[in-house]
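Work through the exercises below with the coordinates open. Each task is followed by a solution in steps.

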Amino acid sequence: MRLTRQIAVLALTALLILGMAGPAGAATLTQDSLTPTTASPGSPVTATLTVHASSCVRVAQLGVAVRDAAGNNFDYPGSVTNVTICPGGYKLVTGSRTFSAGTYSEFGYFQDFAGVYHNFPALTLIVSPGSGTRGDPSAGKTLVFDEDFNSPMMFGPRWIGDRTSAYEFGNTNPNDDKLDLLSTSAVGVANGSVTFTATPSSTTLPNGKQAWTTGLLTTEGSQEGFQVRTGDYIESRVLLPTGIGAWPALWSWKTGDTEIDKFEFHPDNPNLLELSNRINLASSYYTNSSAVCTNCWVKIGVVYGAGSVDWYVNDVKVFSDGKGVGSSFSSYLILNLSIVSGVYHPAPQNSNPITFSADYVRVFR
């Protein structure tokens with residue numbers, strides 16, 4: 001969560017003079033989604049691109065391109081030509097192709113009738129053994145940490161809620177794009193879930209911005225002092241927030257070199273989870289409109305492997321970083337709702353409370 005390098009917007013907004021389905025004029029084309037972002041080596045896979053236009057417009061060609069690190073072309077077959085795109089949207093499903101193991105850049109594109117190509121924003125396509133496969137990473141492991149939030153929150157024994165060493169000033173961290181002012185009053189338990197509620201505060205941060213009182217749970221400093229370690233599998237089920245400015249996450253932290261972001265989420269990118277290994281620098285922007293959305297429950301799991309950190313979404317492996325955490329990794333857990341200040345993502349647009357909930361946090365060893 002520190003030194004974040006968030007992407008601000010996934011949609012391309014371009015003003016274009018094109019051959020129109022109706023009278024000639026200007027139209028704005030926007031990419032709504034592009035999948036997949038993971039694949040298995042040698043297994044056929046198709047791409048699905050959805051776009052819409054501010055007014056009906058005709059383009060010469062629409063397709064999905066793929067490039068490797070050296071810039072070599074691995075485009076999906078099955079692009080369409082002379083296609084009309086309207087405000088109601090257009091969905092392209094390409095032909096299938098296979099990829100070798102590796103990391104690729106994947107992006108939708110269109111060609112106008114002047115012969116000029118225009119690229120939509122690129123996503124990372126990870127092709128690794130096991131990607132896209134369903135499995136149970138907890139198999140053969142023992143449940144060693146089970147927080148089901150079925151009892152009233154008691155700070156001290158298991159969780160600390162008003163400070164963390166991950167924040168520069170303990171309870172605030174304004175230099176990391178956060179308006180957070182941590183308070184245990186912003187954390188509530190009811191009906192088997194924990195809910196973090198962020199509200200505007202009367203406190204002014206050192207950078208002159210208004211703070212938001214919000215919630216955080218960490219095992220650091222608690223009586224149990226629980227830490228995840230190499231080989232552990234951590235799993236949680238969370239309700240992704242709708243309020244612009246929300247920045248929920250489940251992550252690990254101890255000394256600044258033990259951070260694994262199990263997930264980060266921003267409602268302005270409503271179908272995207274940010275998955276990051278900040279120990280050995282690897283990340284993926286996992287995009288899936290059928291699994292990830294605001295006001296949706298999603299199950300997310302991570303295996304802290306020595307040689308690879310593996311991420312699961314709704315029991316499907318979506319990213320293996322091939323980097324891992326090493327053999328001596330250990331770190332505290334943090335589950336929280338931050339509020340962004342507007343550097344990388346839009347800040348809250350009004351003073352309405354913003355909430356984020358979690359059903360459970362479990363660790364298997």
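**Exercise 1. The pocket**

What volume does the largest pocket have? Then describe its lining.

Solution. The model is a predicted one.
Step 1: the volume of the largest pocket is about 210 Å³.
Step 2: 15 residues line this pocket, and T38, Y286, N288, V316 and V318 lie nearest its centre.
Step 3: the elements that contribute two or more residues to the lining are β22 (282–287) and β25 (316–320). Of the elements, β25 gives the most, with three residues.
Step 4: sorted by class, the lining comprises six nonpolar, seven polar and two charged residues.

**Exercise 2. The disulfides**

Find how many disulfides the structure holds, and assign the handedness of each.

Solution.
Step 1: there are two disulfides. With the bonded cysteines of the protein chain numbered in sequence order, the pairing reads 1-2, 3-4.
Step 2: one disulfide is formed by C56 and C86, with sulfur atoms 2.0 Å apart. The torsion about its S-S bond is about 115 degrees, so the disulfide of C56 and C86 is right-handed.
Step 3: C56 sits in the loop between β4 (48–53) and β5 (57–67), and C86 in the loop between β6 (80–85) and β7 (90–93), so the pair ties together parts 30 residues apart in sequence.
Step 4: buried means under 20% relative accessible area and exposed over 50%. C56, at 30%, is therefore partly exposed, and C86, at 25%, is partly exposed too.
Step 5: C293 and C296 are joined by a disulfide with an S to S distance of 1.6 Å. Here the S-S torsion is about -60 degrees, so the disulfide of C293 and C296 is left-handed.

**Exercise 3. The salt bridges**

Which residue forms a salt bridge with D75, and are R158 and E147 buried or exposed? Place the bridge of R278 and E264 in the chain as well.

Solution.
Step 1: the structure holds 13 salt bridges. One of them joins R67 to D75, the closest N and O atoms being 2.5 Å apart. R67 is partly exposed at 24% relative accessibility, and D75 is partly exposed at 23%.
Step 2: R158 and E147 meet in a salt bridge at 3.7 Å, N to O. R158 lies in the loop between β11 (143–147) and β12 (180–182), and E147 in strand β11, 11 residues apart. Both R158 and E147 are buried.
Step 3: R278 and E264 form a salt bridge at 3.2 Å, N to O. R278 is in the loop between β21 (272–277) and β22, and E264 is in strand β20 (residues 260–264), 14 residues apart.
Step 4: R278 is buried at 16% relative accessible area, and E264 is buried at 0%.
Step 5: a network of salt bridges links E259, D261, E264 and R278.

Conventions
Residues numbered from 1 in each chain as written. Predicted model: local features only at pLDDT ≥ 70, side-chain atom pairs only at ≥ 80, totals over all residues. Heavy atoms only, no water. 1 Å grid on protein atoms, 1.4 Å probe; cavity = no way out; pocket = protein on both sides within 12 Å on 5 of 7 lines; lining within 4 Å. Points joined across faces, edges and corners; volume = space filled by probe spheres on them. Helix = DSSP H or I, 4+ residues; strand = E, 2+ residues; numbered from the N terminus. Nonpolar A, V, L, I, M, F, W, Y, C, P; charged D, E, K, R; others polar. Disulfide = S-S within 2.5 Å. Buried < 20%, exposed > 50% of the residue type's maximum accessible area, 1.4 Å probe, protein only. Salt bridge = Lys/Arg side-chain N within 4 Å of Asp/Glu carboxyl O.
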